[in-house]
Amino acid sequence: DSAKTQSPESKMTRSMDDFSVEERAGIEETKVVQPTVPDDNMPVAANVMKTTKESLEHDSAKTQSPEDSSCESTGEAMDIDQNIPVDMSKIIKTATALRLQTGWLCGSGSFGQLGTGTNIDANHFCPPKITEQFAKLAVGTSHCAGVTFGGDLYCFGLNDMSQCGIKSKNNDFLLLPVHVSLENDVSLMSTTVIHVSCGGQHTAAITEEGELVSWGSSERGQCGHEGESVEFSIPRGVKGLRGRLVCEVACGAAHTLALVSTGEVFSFGIGCYGALGHGDLDDARQPRLIQALYCLPVVQVAAGENHSAALTSMGTLYTWGRNKHSQLGLGLEGEEGEGAVNEAMLSTLIEMGFPAARAKAALRATRNGSIDGAIQWLYDHEPAEGR
């Protein structure tokens, strides 16, 4: 009972001599043991905790907040093998800080996409070999990119289509992070990067001035540049969005979404699965406004291999594109998602008085593009007896 009434601080200051025999036995049972072979499903923080006691003490001194400085001043090490209750919040805070400030990757390394200097796979998280610290990481199909706290951009992994921002000739894959410069495009107002996204064979980044830059494969127009070039070996600004403040970019396998400060969403690239959201299956080689999202307060976008999503400030999620494996979350009708309709749009049309069967037909015909498009289709295909 006394343990329940004690404050956390009083617990941490008691020595073993202050505990009764029964309390000591309970403490021995709650001993925290350092993981040696982490389970595959173990959280990242636990994996990081397998760092040796000495390195943990060394790194904790770098990542401590002012409130935690007392640990350093008193010389008390955060020993995760000690036989008294441990303040796990300090350990987890240190582990989290290490992960955020260094960047950790795991999985396939066949093309150097882990940035460790080898092409060996890793079944545990490991940091890329770089002297600077990553603030953000982006993962593509076989390449990765990272942005440092200073706004420098690095890429590594497969580079067969110059997706790492380096000419692909004699540089098919990069085993270590390589600095990518934006200075080749003199039209850019800034070369400091704040966001990056990796696609299948292309990459896009945003500068601190809200400029969108892209490079790599543009066979289906996924880089958004003018002309018919299928590969852009060095980063260049997307002219179609010049003058707009781009705040987020998301790359799919061969398409790209760009969210601007006004809440409008633009898309470009491959359109054969409807991932561009324009109500057709045409490719778009330059940024094109998604009319179905117009006037909606979109705050975040995401792109999968061949599908896309947008989230509004009201918490409404919109999805579009390929739905073979139900990745759109719309509910299935027909084999492998053929005929899937947007349930929210369907409910709206039914509430407006349209028969459910005709409303579904309209949404299928317009590929869930928008309510207005479905209504227009309904009026254009009104049965003869209803005219």
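What follows is a working chat about a predicted model.

Trainee: How many disulfides are there?

Mentor: The count comes to zero disulfides in this predicted model. Cys 126 is in none, and the nearest cysteine sulfur, that of Cys 106, is 7.5 Å away. A disulfide would need the two sulfur atoms within 2.5 Å.

Trainee: And what about Cys 223, which sulfur is nearest there?

Mentor: That of Cys 251, at 8.2 Å, and Cys 223 is in no disulfide.

Trainee: Is Cys 223 buried or exposed?

Mentor: Cys 223 counts as buried, because its relative accessibility is 0%. Cys 126 has 13% and counts as buried too.

Trainee: Where does Cys 251 sit relative to β12?

Mentor: Cys 251 stands opposite Thr 256 in β12. Strand β11, residues 246-251, is joined to β12 by five bridges, and the two run antiparallel. They form a hairpin with three residues between them.

Trainee: What is on the other end of β12, then, which strand does it join to?

Mentor: Strand β13, residues 265-269, again antiparallel and with five bridges. Leu 259 stands opposite Val 265 in β13. β12 and β13 form a hairpin with four residues between them. In that turn Gly 263 has a positive phi of about 90°.

Trainee: How many residues of β12 are buried?

Mentor: Six of the six, residues 255-260, so the strand is largely enclosed by the rest of the structure.

Trainee: Which residues are on which side?

Mentor: His 255, Leu 257 and Leu 259 are on one side, with Thr 256, Ala 258 and Val 260 on the other. Both faces are covered, as all of these are buried. In a regular strand, side chains alternate between the two faces of the sheet.

Trainee: Changing topic. How many aromatic pairs are there?

Mentor: Two aromatic pairs. One is Phe 134 with Tyr 154, edge-to-face, at 6.2 Å centre to centre and 75° between the planes.

Trainee: Where are those two in the chain?

Mentor: Phe 134 is in strand β3, residues 134-139, and Tyr 154 is in strand β5, residues 153-158. They are 20 residues apart, and the pair links distant parts of the chain. Phe 134 is buried at 1% relative accessibility. Tyr 154 is buried as well, with a relative accessible area of 12%.

Trainee: What about Phe 354 and Tyr 379, what is their geometry?

Mentor: Their ring centres are 6.2 Å apart and the planes are at 75°, so that pair is edge-to-face. Phe 354 is in the loop between α8 and α9, while Tyr 379 is in helix α10, residues 371-380. These are 25 residues apart and also link distant parts of the chain.

Trainee: Is Tyr 379 buried or exposed?

Mentor: Tyr 379 counts as exposed, at 52% relative accessibility. Its partner Phe 354 is buried, with a relative accessible area of 14%.

Trainee: Pockets next. What is the volume of the largest pocket?

Mentor: About 1000 Å³. The pocket is lined by 42 residues.

Trainee: Which ones lie nearest its centre?

Mentor: Trp 320, Gly 321, Leu 328, Arg 367 and Asn 368.

Trainee: And which elements supply the lining?

Mentor: β17, α8, α9 and α10 each supply at least two residues. β17 gives the most, with five residues.

Trainee: How does the lining divide by residue type?

Mentor: Into 18 nonpolar, 16 polar and eight charged residues.

Trainee: What is phi at Ser 326?

Mentor: Near 65°, a positive value in a residue other than glycine. Ser 326 lies in the loop between β17 and α8, and is partly exposed with a relative accessible area of 34%.

Trainee: Ser 162 next, what is its phi?

Mentor: Positive, about 60°, although Ser 162 is not a glycine. Its place is in the loop between β5 and β6. Ser 162 is buried, with a relative accessible area of 0%.

Trainee: Last one. Where is Glu 219?

Mentor: In the loop between β9 and β10. Glu 219 counts as exposed, at 54% relative accessibility. Its C-alpha is 7.2 Å from that of Ser 229, and the two are ten residues apart in sequence.

Technical notes: Residues are numbered from 1 along each chain as its sequence is written. This is a predicted model: local features need pLDDT of at least 70, side-chain atom pairs count only at pLDDT 80 or more; totals for chains, interfaces and linings use all residues. Side-chain values use heavy atoms; hydrogens and water are left out. Buried means under 20% relative accessible area, exposed over 50%, partly exposed in between (1.4 Å probe, protein chains only). Rings of Phe, Tyr and Trp (its six-membered ring) pair if their centres lie within 6.5 Å; planes under 30 degrees apart count as stacked, over 60 as edge-to-face and the rest as tilted. On a 1 Å grid over the protein atoms alone, a cavity is a set of points where a 1.4 Å probe fits but cannot get out, and a pocket is an open set with protein on both sides within 12 Å along at least five of seven lines; lining residues have an atom within 4 Å of a point. Grid points are joined across faces, edges and corners, and a volume is the space filled by probe spheres set on the points. Ala, Val, Leu, Ile, Met, Phe, Trp, Tyr, Cys and Pro count as nonpolar, Asp, Glu, Lys and Arg as charged, and the others, Gly among them, as polar. Two strands pair if DSSP finds at least two bridges between them.
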